[in-house]
Amino acid sequence: MKKVNYILILVLILSVNLVAAQDEETNRSKFSIGFTLSEQLVGKDSGENIEGTLGYAINSNMSLYLSAANATMRSDALDTNYKLDKYAIQVAYDFLKSENTKLESIAGFSFINFEKKILEDDNNGLGVDLGIQTTFNLSGRLNYGLRIVSTYSSFSPGGILNAGINFTYRI
């Protein structure tokens with residue numbers, strides 16, 4: 001019951017902020033929601049990754065993103081499948097922008113959680129995210145593009161690389 005009350009309070013606060021955070025130039029909010037479908041590589045392992053994001057446009061060139069991702073990884077060396085969860089806070093900065101396209105750099109921190117059967121002792125911890133993304137259809141509410149993010153972590157059995165397509169809807 002406590003969890004339900006917490007979620008209801010969070011939704012109420014978010015909806016009030018959505019109404020108050022209107023962009024001066026348009027009728028759109030500074031908030032966005034999105035998802036990314038990508039291929040994820042961890043060392044020699046690979047898998048499909050799905051990621052959900054909540055974004056906030058700090059200004060016209062910078063955005064803040066909170067994301068949660070889940071990947072199902074295949075390990076040929078261990079002959080097993082395992083889950084990999086990632087929760088991140090990232091900042092994207094536009095360094096090349098045209099009327100309908102932009103190129104952004106991504107930097108942030110993430111909390112990574114490997115399934116216990118792959119890493120028994122130290123299966124979770126912090127990582128540093130660095131990446132780049134290109135976004136198309138800036139004039140519309142629905143944007144799409146390509147995204148590559150690499151995560152560096154000391155406990156991971158290899159470098160973590162995500163490459164895929166992302167969709168963002170500006171509320």
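Strand E1 and strand E8 (residues 160-170) run antiparallel, with 11 bridges joining the two. Keep in mind that this is a predicted model. If you want a spot to start looking, find Gln40, whose bridge partner in E8 is Asn162.

E1 has another partner too. Strand E1 (residues 31-42) and strand E2 (residues 45-57) are joined by 12 bridges, and this pair also runs antiparallel. Here you can pick out Phe35, which has Gly52 as its bridge partner in E2. How many residues sit between E1 and E2 in their hairpin? There are 2, and Gly43 in the turn has a positive phi of about 60°.

Now for the empty space inside. Rolling a probe the size of a water molecule over the atoms shows where empty space is left. In this model, the count comes to 2 cavities of 30 Å³ or more. Here they are side by side:

| Cavity | Volume | Lining residues by class |
|---|---|---|
| Largest cavity | about 60 Å³ | 3 nonpolar, 6 polar, 1 charged |
| Second largest cavity | about 50 Å³ | 2 nonpolar, 5 polar, 3 charged |

Let's take the largest cavity and see who lines it. Its lining is made of Gly34, Phe35, Thr36, Thr53, Tyr65, Gln133, Arg147, Asn166, Phe167 and Thr168. Phe35, the residue bridged to Gly52, is thus one of the lining residues. Strands E1 and E8 each give at least two residues to this lining.

The second largest cavity has its own list: Thr36, Ser38, Glu51, Lys86, Gln90, Arg147, Val149, Asn162, Ala163 and Gly164. You've met Asn162 already, as the partner of Gln40. Thr36 and Arg147 turn up in this lining and also in that of the largest cavity. Which strand gives the most to the lining of the second largest cavity? That's E8, with 3 residues. At least two residues each come from E1, E4, E7 (142-152) and E8.

Finally, head to the outside. Leu41, Tyr93, Phe95, Leu96, Ile132, Ile148 and Leu161 make a nonpolar surface patch of about 600 Å². Which strand supplies the largest share of this patch? Strand E4 (residues 80-97) does, with 3 residues. Leu96 is a patch residue that lies in E4. So E4 is worth a second look: E4 helps line the second largest cavity and also contributes to the nonpolar patch.

Terms used
Residues are numbered from 1 along each chain as its sequence is written. This is a predicted model: local features need pLDDT of at least 70, side-chain atom pairs count only at pLDDT 80 or more; totals for chains, interfaces and linings use all residues. Side-chain values use heavy atoms; hydrogens and water are left out. Patches are made of residues with over 30% relative accessible area and no salt bridge: like charges are joined within 9 Å, nonpolar side chains (Val, Leu, Ile, Met, Phe, Trp, Tyr) within 5 Å. Accessible areas come from the Shrake-Rupley method with a 1.4 Å probe; for residues, only the protein chains shown count as cover. A salt bridge is a side-chain nitrogen of Lys or Arg within 4 Å of a carboxyl oxygen of Asp or Glu. Helices (H or I, at least four residues) and strands (E, at least two) are DSSP runs, numbered from the N terminus. Two strands pair if DSSP finds at least two bridges between them. On a 1 Å grid over the protein atoms alone, a cavity is a set of points where a 1.4 Å probe fits but cannot get out, and a pocket is an open set with protein on both sides within 12 Å along at least five of seven lines; lining residues have an atom within 4 Å of a point. Grid points are joined across faces, edges and corners, and a volume is the space filled by probe spheres set on the points. Ala, Val, Leu, Ile, Met, Phe, Trp, Tyr, Cys and Pro count as nonpolar, Asp, Glu, Lys and Arg as charged, and the others, Gly among them, as polar.
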